[in-house]
Amino acid sequence: HQAETFASANDIPLLRSKDDSYDLQLLFHDDLIELFDTRLNTSISIDFTKGALAHRQQFGGGRGQAIAKAIGLKSGVTPRVLDATAGLAGDAFVLATLGCPMTLVECSPVIFSLIEDAVERAALSDDFQPILANGFDIINADANNYIEQKIDAGSAPPDVIYIDPMFPQRKKSALVKKDMQILQHLHDKDTQDVDRENALLLENALRFAKKRVVVKRPIHAPSIGGRKPNTSIKSKKTRYDIYTIEKM
């Protein structure tokens, strides 16, 4: 029933079994939703209570890790964060475990369904209850449209807008993790279109955020749209470009 509802709502073919003529297939099990890639013969799903995310929560470095510093987490300061490009929700979950009220925006109904399924399963765990109580809201929308509507409505802005943009694959696929390969297969947009959307998202975020916009980038990648950040925080493979909002 769940698969039928999703297929109908998103105008996607409904399969009764795996069919290799479709590269990507969203599989609805009794206890899990996963996205299967026939080309890679592997699948991705999200779990907030065990596996890689739970390990990262326990051993990721707490408020001392680069992402926490980048969004401005410090003693007495716990910002409200809008994650404009939720993806598989890993970074949003880490920030939520550190106390940040989170709003997650994800444009893909397929990826959104994976996040929604993970939240529903995690909600059965006592450990996840404080995160839900603090705020872990998920929204299926285009980030640019969502932010523009919020601006037009005069909505209260989040303290921080966090952006981890999807970029066209430029490296050999073997160098990219399989979950990222699947996401790239799913989105598969022209380079110019992606660059233009990312630049617009940064500009909209700067119009809406209250304190700062943080953009996650590969360590040696150029800044979005060539717009220089106020400062950056670097970890081993990642750079967080920080754009502070000028006070009027």
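This is a short tour of the model, stop by stop, with something to select at each one.

**Before you start**

The model is predicted, so local features are kept at pLDDT of at least 70 and side-chain atom pairs at pLDDT 80 or more, while totals for chains, interfaces and linings use all residues. Residues are numbered from 1 along each chain as its sequence is written, and side-chain values use heavy atoms, with hydrogens and water left out.

**Stop 1: the whole chain**

Colour by secondary structure and you will find nine helices and ten strands. Here helices (H or I, at least four residues) and strands (E, at least two) are DSSP runs, numbered from the N terminus. Of the 248 residues, 43% count as buried; buried means under 20% relative accessible area, exposed over 50%, and partly exposed in between, with a 1.4 Å probe and protein chains only. Among contacts (heavy atoms within 4.5 Å) between residues at least 6 apart in sequence, 62% join residues at least 24 apart.

**Stop 2: the three-stranded sheet**

Select residues 24-28, 33-37 and 42-44, which are β1, β2 and β3. Together these strands form an open sheet in the order β1-β2-β3, with antiparallel pairing. The edge strands are β1 and β3, each pairing on one side only, and the twist averages 30° from one strand to the next. Two strands count as paired if DSSP finds at least two bridges between them.

Zoom in on the partners. Five bridges join β1 to β2, and these two strands make a hairpin with four residues between them. Three bridges join β2 to β3. Now show Asp 37: this residue stands opposite Leu 24 of β1, and it also stands opposite Thr 42 in β3.

**Stop 3: the pocket beside β1**

Keep β1 on screen and turn to the second largest pocket, which holds about 630 Å³ of space. On a 1 Å grid over the protein atoms alone, a cavity is a set of points where a 1.4 Å probe fits but cannot get out, and a pocket is an open set with protein on both sides within 12 Å along at least five of seven lines; lining residues have an atom within 4 Å of a point. Grid points are joined across faces, edges and corners, and the volume is the space filled by probe spheres set on the points.

Of the 24 lining residues, show Pro 13, Leu 15, Gln 25, Leu 26 and Leu 27, the closest to the pocket centre. The elements giving two or more residues to the lining are α1 (2-10), β1 and α8 (178-187). Which element gives the largest share of the lining? It is β1, with five residues. By class, the lining has 15 nonpolar, four polar and five charged residues. Ala, Val, Leu, Ile, Met, Phe, Trp, Tyr, Cys and Pro count as nonpolar, Asp, Glu, Lys and Arg as charged, and the others, Gly among them, as polar.

**Stop 4: the seven-stranded sheet**

Next, pick out the open sheet with the order β6-β5-β4-β7-β8-β10-β9 and mixed pairing. β6 (136-140) and β9 (231-234) stand at the edges with a single partner strand each, so one side of each has no neighbour in the sheet. The twist averages 20° from one strand to the next. Strands β4 (81-83) and β7 (160-163) pair in the parallel sense over three bridges; show Asp 83 and its bridge partner in β7, Tyr 162.

Add helix α7 (143-152), which packs on the sheet, touching β4, β5, β6 and β7, and whose direction makes about 130° with that of β5. Axes are lines fitted to C-alpha atoms, for helices over the stretch in contact, and angles run from 0 to 180 degrees between N-to-C directions.

**Stop 5: helix α5 and Ile 115**

Select residues 109-122. This helix, α5, lies across β1, β2 and β3, at about 140° to β2. On the seven-stranded sheet, α5 touches β5 (102-106) and β6, at about 155° to β6.

Within α5, centre on Ile 115. Is this residue buried or exposed? Ile 115 counts as buried, at 1% relative accessibility. Beyond its neighbours within four places in sequence, its contacts include Ile 46, Phe 48, Leu 104 and Ile 138.

**Stop 6: helix α4**

Finish with residues 90-97, helix α4, where seven of the eight residues are buried; Phe 93, Val 94 and Leu 95 are among them. After α4 comes Gly 99, with a positive phi near 105°.
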